[in-house]
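Please work through the following exercises with the sequence and the 3D view open beside you. Try each task before reading its solution.

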Amino acid sequence: MIKAETHRNGLCVVSPGVERLTAATAVVFKEEAGRLIDAGHDRLIIDLTDVSFIDSSGIAALVGLLKRVGNRGEIVVCGLASSVAQMFRITRMDRVFPSYPDSAAALVAVEAQA
Amino acid sequence: MSRSTFRMVAEIDAVDPLALALKAELADALSPDTLIRLEIALVEALTNIVVHGSAGNSGLLIDVLVAVDAAAVFIEIIDNGLPAPQGIYEQKPFLDEIDAMAESGRGVALILSCADAVRYRSDAGGNHLELRFLREGAP
């Protein structure tokens, strides 16, 4: 399901591999992304470019991954469609996850913080 | 007033197809932002019924009635599963009070925040969740 592009220093760009991150898909996404964290990739860029809709289950999956990373890493998002950005605003996730226009911008920003 | 009806079996994989079909039907009736709010509220409501209301009843059916007039889009979601906890749709939206790191509990608050009006009743005829979304320019 997910597509992962690994970089140095534990950095990984993860695409959910689904158009809709909802109750039907969020559990598998969280499990697969969680395995990346367990493997030592504790700096994740979640690329939501191909995600057109996210519900509270999708939000919960992202929050769960953030808690799994804890203080040893970080999770940022990129490529938010307008509907996804609106959901982030409504749920205040825009205050929890730094957001970037695309994965290239996110990579520059996250690597600069290393 | 135009009316249409959608029906789904209370299974999690049926939520997104119904939401997409309904969104396509209403694409010209609502502004893009309102359509997003409608989709959020609808998906949360349907998911709640599947997850909490079906009680393992794989045959439970959910009907979604849609009515459009000059002022608003009306959505009525009807099911015969377990009713929602009493009073849950009468509280004020409390999204701001939910712990940002919570991994559950946002569904009802999202419905209350996204719809312009919400009404819920449960009686012998089933559980009815009514949502209203104002159209652009409506008073």
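The exercises below concern a predicted model, and each is followed by a solution in steps.

**Exercise 1. Strand β2 of chain A**

Determine how many of the residues of strand β2 (residues 11–15) of chain A are buried, and find which way their side chains point.

Solution. Begin with the burial, for which a residue must have under 20% relative accessible area. In strand β2 of chain A, 5 of the 5 residues are buried, so this strand is largely enclosed by the rest of the structure. Next, look at the directions: A:Leu11, A:Val13 and A:Ser15 point one way from β2(A), whereas A:Cys12 and A:Val14 point the other way. This fits a general rule, since in a regular strand the side chains alternate between the two faces of the sheet.

**Exercise 2. The partners of that strand**

Find the sense in which β2(A) pairs with strand β1 (residues 3–6) of chain A, and then the sense in which β2(A) pairs with strand β4 (residues 43–47) of chain A.

Solution. Take β1(A) to start with: β1(A) and β2(A) pair in the antiparallel sense over 4 bridges, and one bridge joins A:Thr6 to A:Cys12 in β2(A). The two strands form a hairpin, with 4 residues between them. Then turn to β4(A), which pairs with β2(A) in the parallel sense over 4 bridges; here A:Leu11 stands opposite A:Arg43 of β4(A).

**Exercise 3. Two residues with a positive phi**

Locate A:Asn9 and A:Arg92, and state the phi of A:Asn9 and of A:Arg92.

Solution. Start from the general expectation that most residues other than glycine have a negative phi. A:Asn9 lies in the loop between β1 and β2 of chain A, and its phi is positive, about 60 degrees, although it is not a glycine. A:Arg92 lies in the loop between α3 and β7 (99–100) of chain A, and its phi, near 65 degrees, is likewise a positive value in a residue other than glycine. As a last step, consider burial: the relative accessibility of A:Arg92 is 15%, so A:Arg92 counts as buried.

**Exercise 4. The sheet of chain B**

Work out the order of the strands in the open sheet of chain B, and identify which strands stand at the edges.

Solution. Follow the sheet from one side to the other, and the 5 strands appear in the order β1-β2-β3-β5-β4, with antiparallel pairing. At the edges stand β1 (2–9) and β4 (117–123) of chain B, each with a single partner strand, so one side of each is left without a neighbour in the sheet. From one strand to the next the twist averages 15 degrees. Within this sheet, consider β2 (residues 61–68) and β3 (residues 72–79) of chain B, which pair in the antiparallel sense over 7 bridges; B:Ala67 stands opposite B:Phe74 in β3(B). Finally, helix α2 (residues 32–53) of chain B packs on the sheet, where it touches β1, β2, β3 and β5 (126–134) of chain B, and its direction makes about 10 degrees with that of β3(B).

**Exercise 5. Two crossings that involve helix α2 of chain B**

Decide how helix α1 (residues 15–25) of chain B is oriented to α2(B), and how helix α3 (residues 82–90) of chain A is oriented to α2(B).

Solution. For the pair within chain B, the axes of α1(B) and α2(B) come within 10 Å and cross at roughly 150 degrees. Angles over 145 degrees count as roughly antiparallel, and α1(B) and α2(B) are therefore roughly antiparallel to each other. The crossing is right-handed, and the residues of the contact of α1(B) with α2(B) divide into 11 nonpolar, 1 polar and 2 charged.

For the pair between the chains, the axes of α3(A) and α2(B) also come within 10 Å, but cross at roughly 65 degrees. Angles of 65 to 115 degrees count as roughly perpendicular, and this description therefore applies to α3(A) and α2(B). Their crossing is right-handed. Among the residues that make the contact are A:Gln86 and A:Met87 of α3(A) and B:Ile36 and B:Ile40 of α2(B), and the residues of this contact divide into 4 nonpolar, 3 polar and 3 charged.

Methods. Residues are numbered from 1 along each chain as its sequence is written. Chains are lettered from A and ligands numbered from 1 in the order in which they are written. This is a predicted model: local features need pLDDT of at least 70, side-chain atom pairs count only at pLDDT 80 or more; totals for chains, interfaces and linings use all residues. Side-chain values use heavy atoms; hydrogens and water are left out. Buried means under 20% relative accessible area, exposed over 50%, partly exposed in between (1.4 Å probe, protein chains only). Two strands pair if DSSP finds at least two bridges between them. Axes are lines fitted to C-alpha atoms, for helices over the stretch in contact, and angles run from 0 to 180 degrees between N-to-C directions. Contact means heavy atoms within 4.5 Å. Angles under 35 degrees count as roughly parallel, over 145 as roughly antiparallel, 65 to 115 as roughly perpendicular and the rest as oblique. A crossing is left-handed if the near helix is turned anticlockwise from the far one by less than a right angle, and right-handed if clockwise. Ala, Val, Leu, Ile, Met, Phe, Trp, Tyr, Cys and Pro count as nonpolar, Asp, Glu, Lys and Arg as charged, and the others, Gly among them, as polar.
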